[in-house]
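Reader: I'm new to this one. Can you walk me through it, a piece at a time?

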Amino acid sequence: MKAAVHNSFGEPIDVIEATDVDTPTAGAGEVLVKMTLSPIHNHDLWTIRGNYGYKPELPGAIAGSEALGTVEAVGEGVDDAMIGQRVSIAGVHGTWAEYFVAPATGVLPLPDAISDVAGAQLIAMPFSAISLLETLKAQKGDWIVQTAANGAVGKIMTTLAKSRGINLLNLVRREDAVKELTDLGIDNVLSTSEAGWQDKAREIIGEKGAASAIDSVGGDISADLVDLLGLDGELVVFGTATGAPMPLNSGALIMKHITVKGFWGSRVSGDMDPEERKRLITELVTLVAKGELVLEDGGQFGLDDLSAALKASLTPGRPGKVMIRG
């Protein structure tokens, strides 16, 4: 089969290439999935660079961590009835390939109401977003401030917060990103490149301040988020687009009793009770099936066109995740 393989860590466009490798076989408790679509996530790129929490064995590492496909075969102990099912899965390795194996208990059979594009990106980012929302202090009627609101998780969060009656202030770094979100019907969008945006943010949130803030950017914006939080507020670090240190104001942290913590979706998902996971997945599937949570793609590319796919994934303003076709 053909797969996206890297034999060393480095910039993805330099080290990834489409290579013919042996097709895997499903072991006990596993299924073999024929891949239909697999998204390019930021954490996939970090993994290829060798600076993510998970490092694959080299040489011969196959990239990718989420996909939609069809069960082609099953291993020992797995019901043959799964063969032919259209399924989605995340948190696995090697999905940028024509075939990959996955634990049978981890795949999610999809109803016809879920499109291939939505199903291919249904779990990793949406599940991280809903899991994050579950852990936040913000409740119905409270305010959350989020950076990178035009990113995949940011857009998903706007739908999830609205469905739960939570107010959301959406921060972006470019003026054109404001229009992108407002054209989607998203309210309370501010560009941090605009002078005086902090004052506008305070007017929107009100004197009480926000209960929670989600930072996916890093750098100086973190201090601004702390300023926008109310008493006993929390700053949750979800990502770091800039990689810059966070210069926080000690006085504000002390006087407001601010909590600062990190959130890694992979760990949270792994530690989650199965029934809790099922409840959150059901909520996501329902929102997508009803058309309330829209998951688009930012272009589709074959395995023979990896360079173009990787370039597209790094292009700002795309409507959704760039997809690799099986």
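Author: Here is a short tour of the sheets, some helices and two residues. This is a predicted model: local features need pLDDT of at least 70, side-chain atom pairs count only at pLDDT 80 or more, and totals for chains, interfaces and linings use all residues. Residues are numbered from 1 along each chain as its sequence is written, and side-chain values use heavy atoms, with hydrogens and water left out.

Reader: Six strands form an open sheet, so in what order?

Author: The order is 11-10-9-12-13-14, with parallel pairing. Strands are DSSP runs of E with at least two residues, helices are runs of H or I with at least four, and both are numbered from the N terminus. Two strands pair if DSSP finds at least two bridges between them.

Reader: Which are the edge strands?

Author: Strand 11 (189-191) and strand 14 (259-262), each of which pairs on one side only. From one strand to the next, the twist averages 20°.

Reader: How many bridges join strand 9 to strand 10?

Author: Four, and the two strands run parallel. Trp143 has Asn167 in strand 10 as its bridge partner.

Reader: Is strand 10 mostly covered or mostly open?

Author: Mostly covered: five of its six residues are buried. Buried means under 20% relative accessible area, exposed over 50%, and partly exposed in between (1.4 Å probe, protein chains only).

Reader: What about strand 12 and strand 13, over how many bridges do they pair?

Author: Five, in the parallel sense, between strand 12 (residues 210-215) and strand 13 (residues 229-237). Ala210 stands opposite Leu229 in strand 13. Helix 8 packs on the sheet and touches strand 9, strand 10, strand 12 and strand 13. The direction of helix 8 makes about 150° with that of strand 13. Angles run from 0 to 180 degrees between N-to-C directions, and axes are lines fitted to C-alpha atoms, for helices over the stretch in contact.

Reader: At what angle do helix 7 and helix 8 pack?

Author: About 30°, with their axes 11 Å apart. Helix 7 and helix 8 are therefore roughly parallel (under 35 degrees; over 145 is roughly antiparallel, 65 to 115 roughly perpendicular, the rest oblique).

Reader: Which residues meet there?

Author: Trp197, Gln198, Ala201, Arg202 and Ile205 in helix 7 meet Ile221, Asp224, Asp227 and Leu228 in helix 8. Contact here means heavy atoms within 4.5 Å.

Reader: New topic. Where is Thr158?

Author: Thr158 is in helix 5 (residues 152-163). Helix 5 lies across strand 9, strand 10 and strand 12, at about 165° to strand 10.

Reader: Why does Thr158 count as buried?

Author: Because its relative accessibility is 15%. Its side chain reaches the backbone oxygen of Lys155 at 2.5 Å. Beyond neighbours within four places in sequence, Thr158 is in contact with Gln146, Leu168, Asn170 and Ile186.

Reader: There's also a sheet of three strands. In what order?

Author: 2-1-4, open, with antiparallel pairing. Strand 2 (16-20) and strand 4 (61-62) each have a single partner strand, so one side of each is left without a neighbour in the sheet. Five bridges join strand 1 (residues 2-6) to strand 2. Ala3 stands opposite Thr19 in strand 2.

Reader: And Leu303, where is that?

Author: In the loop between strand 15 (297-302) and helix 12 (306-313). Leu303 counts as buried because its relative accessibility is 6%. The C-alpha atoms of Leu303 and Ala3 are separated by 7.0 Å, yet the residues are 300 apart along the chain. Contacts of Leu303 outside its neighbours within four places include Lys2, Ala4, Ala18 and Trp96.

Technical notes: Polar contact = N/O pair within 3.5 Å; in protein donor to acceptor, adjacent residues only side chain to side chain.
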